[in-house]
Amino acid sequence: MSFRSLLHATILIAMWSPATPLFAADAATGRQLAERWCEACHVVRPDQQRALTDAPTFHSVAEKYTEIGALTAFLNAPYPRMPAMGLKRDEIADLVAYIRTLGPKRVDPSPPPEKDRPPETPRKG
Ligand code: HEC
(Lines give C-alpha, C1' and ligand atoms only; values in the text may rest on other atoms or scores of the structure.)
Protein backbone atom coordinates (compact mmCIF):
# COMPACT_ATOMS: atom_id res chain seq x y z
CA MET A 1 0.00 0.00 0.00
CA SER A 2 1.40 3.37 -0.93
CA PHE A 3 1.84 6.08 1.62
CA ARG A 4 -0.88 8.01 -0.10
CA SER A 5 -3.50 5.35 0.12
CA LEU A 6 -2.46 4.60 3.66
CA LEU A 7 -3.02 8.23 4.51
CA HIS A 8 -6.33 8.12 2.75
CA ALA A 9 -7.40 5.06 4.71
CA THR A 10 -6.35 6.70 7.95
CA ILE A 11 -8.44 9.73 7.22
CA LEU A 12 -11.41 7.56 6.35
CA ILE A 13 -11.08 5.66 9.59
CA ALA A 14 -10.80 8.90 11.53
CA MET A 15 -13.96 10.13 9.89
CA TRP A 16 -15.79 6.95 10.84
CA SER A 17 -14.70 7.16 14.44
CA PRO A 18 -17.71 6.69 16.69
CA ALA A 19 -16.53 9.39 19.06
CA THR A 20 -18.31 12.33 17.57
CA PRO A 21 -18.01 15.25 19.93
CA LEU A 22 -20.77 17.12 18.14
CA PHE A 23 -23.37 15.14 19.99
CA ALA A 24 -24.13 14.88 23.65
CA ALA A 25 -23.88 11.57 25.50
CA ASP A 26 -25.06 8.74 23.33
CA ALA A 27 -25.80 5.35 24.87
CA ALA A 28 -25.54 3.49 21.55
CA THR A 29 -22.01 4.75 21.03
CA GLY A 30 -21.27 3.99 24.65
CA ARG A 31 -22.30 0.41 24.09
CA GLN A 32 -19.92 0.10 21.15
CA LEU A 33 -17.13 1.56 23.24
CA ALA A 34 -17.91 -0.82 26.08
CA GLU A 35 -17.88 -3.80 23.73
CA ARG A 36 -14.54 -2.71 22.36
CA TRP A 37 -12.71 -1.65 25.49
CA CYS A 38 -14.39 -3.01 28.56
CA GLU A 39 -15.88 -6.34 27.56
CA ALA A 40 -12.74 -8.38 28.12
CA CYS A 41 -12.86 -7.71 31.83
CA HIS A 42 -16.45 -6.69 32.47
CA VAL A 43 -19.77 -8.21 31.61
CA VAL A 44 -21.06 -5.21 29.70
CA ARG A 45 -24.29 -6.61 28.26
CA PRO A 46 -27.13 -8.49 29.89
CA ASP A 47 -26.71 -11.34 27.37
CA GLN A 48 -22.95 -11.64 27.78
CA GLN A 49 -22.11 -14.93 29.47
CA ARG A 50 -18.90 -14.06 31.22
CA ALA A 51 -15.78 -11.96 31.21
CA LEU A 52 -12.20 -12.85 32.04
CA THR A 53 -11.91 -11.14 35.39
CA ASP A 54 -13.82 -10.61 38.58
CA ALA A 55 -14.61 -7.06 37.54
CA PRO A 56 -18.17 -6.05 38.40
CA THR A 57 -20.80 -6.40 35.69
CA PHE A 58 -21.96 -3.13 34.19
CA HIS A 59 -25.39 -3.96 35.54
CA SER A 60 -24.03 -3.88 39.08
CA VAL A 61 -22.02 -0.78 38.25
CA ALA A 62 -25.26 0.88 37.19
CA GLU A 63 -26.84 -0.13 40.48
CA LYS A 64 -23.95 1.25 42.46
CA TYR A 65 -23.51 4.49 40.55
CA THR A 66 -26.93 5.99 40.21
CA GLU A 67 -25.33 9.41 39.81
CA ILE A 68 -23.92 10.41 36.47
CA GLY A 69 -21.37 12.64 38.16
CA ALA A 70 -19.91 9.89 40.35
CA LEU A 71 -19.48 7.45 37.50
CA THR A 72 -18.00 10.14 35.29
CA ALA A 73 -15.54 11.00 38.03
CA PHE A 74 -14.57 7.35 38.41
CA LEU A 75 -13.84 6.99 34.72
CA ASN A 76 -11.88 10.22 34.64
CA ALA A 77 -9.54 9.13 37.39
CA PRO A 78 -6.81 6.51 37.08
CA TYR A 79 -7.74 3.24 38.73
CA PRO A 80 -5.13 0.69 39.82
CA ARG A 81 -6.83 -2.45 38.55
CA MET A 82 -7.85 -1.02 35.20
CA PRO A 83 -5.58 -0.11 32.33
CA ALA A 84 -5.29 3.56 31.49
CA MET A 85 -7.51 3.72 28.47
CA GLY A 86 -7.11 7.39 27.76
CA LEU A 87 -10.81 7.91 27.38
CA LYS A 88 -11.90 11.25 26.03
CA ARG A 89 -14.58 13.20 27.78
CA ASP A 90 -17.22 12.53 25.21
CA GLU A 91 -16.37 8.83 25.25
CA ILE A 92 -16.78 8.78 28.99
CA ALA A 93 -20.12 10.54 28.66
CA ASP A 94 -21.24 7.92 26.13
CA LEU A 95 -20.10 5.06 28.34
CA VAL A 96 -21.86 6.54 31.32
CA ALA A 97 -25.03 6.99 29.26
CA TYR A 98 -24.84 3.36 28.19
CA ILE A 99 -24.12 1.98 31.65
CA ARG A 100 -27.09 3.87 32.98
CA THR A 101 -29.38 2.11 30.54
CA LEU A 102 -28.53 -1.11 32.40
CA GLY A 103 -29.47 0.11 35.83
CA PRO A 104 -32.74 -0.35 37.69
CA LYS A 105 -33.39 3.35 37.99
CA ARG A 106 -32.82 3.99 34.36
CA VAL A 107 -35.25 6.63 33.19
CA ASP A 108 -33.65 9.71 31.72
CA PRO A 109 -32.77 9.42 28.05
CA SER A 110 -31.85 13.09 28.03
CA PRO A 111 -28.28 14.35 28.40
CA PRO A 112 -27.10 15.03 31.94
CA PRO A 113 -27.81 18.46 33.36
CA GLU A 114 -25.11 21.02 32.77
CA LYS A 115 -23.71 20.83 36.29
CA ASP A 116 -23.02 17.09 35.98
CA ARG A 117 -21.04 17.47 32.83
CA PRO A 118 -17.28 17.55 32.89
CA PRO A 119 -16.08 21.16 32.87
CA GLU A 120 -14.36 21.25 29.51
CA THR A 121 -16.14 20.98 26.22
CA PRO A 122 -14.59 18.18 24.23
CA ARG A 123 -12.30 19.33 21.47
CA LYS A 124 -12.03 17.59 18.17
CA GLY A 125 -8.48 16.39 18.19
C1 HEC B 1 -8.03 -5.12 32.21
C2 HEC B 1 -9.34 -5.31 32.75
C3 HEC B 1 -10.32 -4.17 32.75
C4 HEC B 1 -10.73 -3.41 31.69
C5 HEC B 1 -10.27 -3.46 30.25
C6 HEC B 1 -11.74 -2.51 32.21
N7 HEC B 1 -11.92 -2.73 33.54
FE8 HEC B 1 -13.23 -1.74 34.75
N9 HEC B 1 -12.61 -2.88 36.34
C10 HEC B 1 -11.70 -3.91 36.27
C11 HEC B 1 -11.60 -4.54 37.57
C12 HEC B 1 -10.70 -5.74 37.91
C13 HEC B 1 -12.50 -3.84 38.42
C14 HEC B 1 -12.77 -4.14 39.88
C15 HEC B 1 -11.73 -3.51 40.70
C16 HEC B 1 -11.98 -3.66 42.15
O17 HEC B 1 -13.04 -4.12 42.57
O18 HEC B 1 -11.08 -3.29 42.89
C19 HEC B 1 -13.12 -2.81 37.60
C20 HEC B 1 -14.06 -1.93 38.09
C21 HEC B 1 -14.75 -1.02 37.31
C22 HEC B 1 -15.82 -0.17 37.77
C23 HEC B 1 -16.45 -0.20 39.14
C24 HEC B 1 -15.76 0.55 40.17
C25 HEC B 1 -16.53 0.48 41.46
O26 HEC B 1 -16.48 1.46 42.17
O27 HEC B 1 -17.19 -0.52 41.74
C28 HEC B 1 -16.24 0.58 36.70
C29 HEC B 1 -17.32 1.64 36.70
C30 HEC B 1 -15.44 0.19 35.58
N31 HEC B 1 -14.54 -0.78 35.97
C32 HEC B 1 -15.60 0.69 34.32
C33 HEC B 1 -14.88 0.27 33.21
C34 HEC B 1 -15.10 0.77 31.88
C35 HEC B 1 -16.15 1.79 31.49
C36 HEC B 1 -14.21 0.14 31.07
C37 HEC B 1 -14.02 0.30 29.58
C38 HEC B 1 -13.82 1.63 29.09
C39 HEC B 1 -13.43 -0.77 31.91
N40 HEC B 1 -13.88 -0.66 33.19
C41 HEC B 1 -12.41 -1.58 31.43
C42 HEC B 1 -10.99 -4.30 35.17
C43 HEC B 1 -11.08 -3.75 33.90
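In the predicted model, G30 touches D94, L95, A97 and Y98, leaving out residues up to four places away in sequence. G30 itself sits in helix α2. The pair G30 and L95 is separated by 65 residues in sequence, yet the C-alpha atoms are 4.0 Å apart in space. G30 has 25 other C-beta atoms within 10 Å, and a residue with 20 or more counts as buried; G30 is therefore buried.

The contacts of G30 belong to a helix pair. Two packed helices are described by the angle between their axes and the distance between the axes. For helix α2 (residues 27-37) and helix α5 (residues 89-102), the axes come within 7 Å. The crossing angle is roughly 95°. Angles of 65 to 115 degrees count as roughly perpendicular, and α2 and α5 are therefore roughly perpendicular to each other. On the α2 side, the contact is made by A27, T29, G30, R31, L33 and A34. On the α5 side, E91, D94, L95, A97, Y98 and T101 take part. By class, the residues of this contact divide into 6 nonpolar, 3 polar and 3 charged.

The buried residues of α2 are A27, T29, G30, R31, L33 and A34. The cover over these buried residues includes α3 (58-64) and α5. From the α5 side, A97 is in contact with A25, D26, A27 and G30, once neighbours within four places in sequence are left aside. A25, one of these partners, is found in the loop between α1 (3-16) and α2. With 23 C-beta neighbours inside 10 Å, A25 counts as buried. A25 and R89 lie 64 residues apart in sequence, with a C-alpha to C-alpha distance of 9.7 Å.

The wider fold is helical. The secondary structure of the protein chain comes to 5 helices and 0 strands. The order of elements from the N terminus on is α-α-α-α-α. The protein chain has 125 residues, of which 24% count as buried. Among contacts in the protein chain with a separation of 6 or more, 63% join residues 24 or more positions apart. The pair G30 and L95, 65 residues apart in sequence, illustrates such a separation.

The largest nonpolar core holds 21 residues. Within this core, A34, F58, L95, V96, A97, Y98 and I99 touch the most other members. The elements that give two or more residues to the core are α2, α3, α4 and α5. The largest share, 8 residues, comes from α5. Several residues of the α2 and α5 contact recur here: A34, L95, A97 and Y98 are named in the contact and also in the list of core residues that touch the most other members.

I99 is another of the core residues that touch the most other members. I99 lies in helix α5. The residue is buried, with 25 other C-beta atoms within 10 Å. Beyond its neighbours within four places in sequence, I99 is in contact with F58, V61, A62 and L71. V61 is 38 residues from I99 in sequence, and the C-alpha atoms of the two are 7.5 Å apart in space.

The loop between α2 and α3 contains E39. E39 has 16 other C-beta atoms within 10 Å and is partly exposed. Not counting residues up to four places away in sequence, E39 touches A34, V44, Q48 and A51. A34 is thus a link in the description: this residue is touched by E39, is buried in α2 and meets α5 in the helix contact. E39 and R50 are 11 residues apart in sequence and 9.1 Å apart in space, C-alpha to C-alpha.

A ligand is also present in the model, and 17 residues surround the ligand. The closest are C38, C41, A55, R81 and M82. Two elements, α3 and α4 (68-76), give two or more residues to this shell. By class, the shell has 13 nonpolar, 2 polar and 2 charged residues. Both α3 and α4 also give two or more residues to the largest nonpolar core.

Note on methods: Residues numbered from 1 in each chain as written. Predicted model: local features only at pLDDT ≥ 70, side-chain atom pairs only at ≥ 80, totals over all residues. Axes fitted to C-alpha atoms, helices over the stretch in contact; angles between N-to-C directions. Helix = DSSP H or I, 4+ residues; strand = E, 2+ residues; numbered from the N terminus. Parallel < 35°, antiparallel > 145°, perpendicular 65-115°, else oblique. Contact = placed C-beta atoms within 7 Å. Nonpolar A, V, L, I, M, F, W, Y, C, P; charged D, E, K, R; others polar. Buried ≥ 20, exposed ≤ 12 C-beta atoms within 10 Å, placed from the backbone. Near = placed C-beta within 6 Å. Core = buried A, V, L, I, M, F, W, Y, C linked by C-beta atoms within 7 Å.
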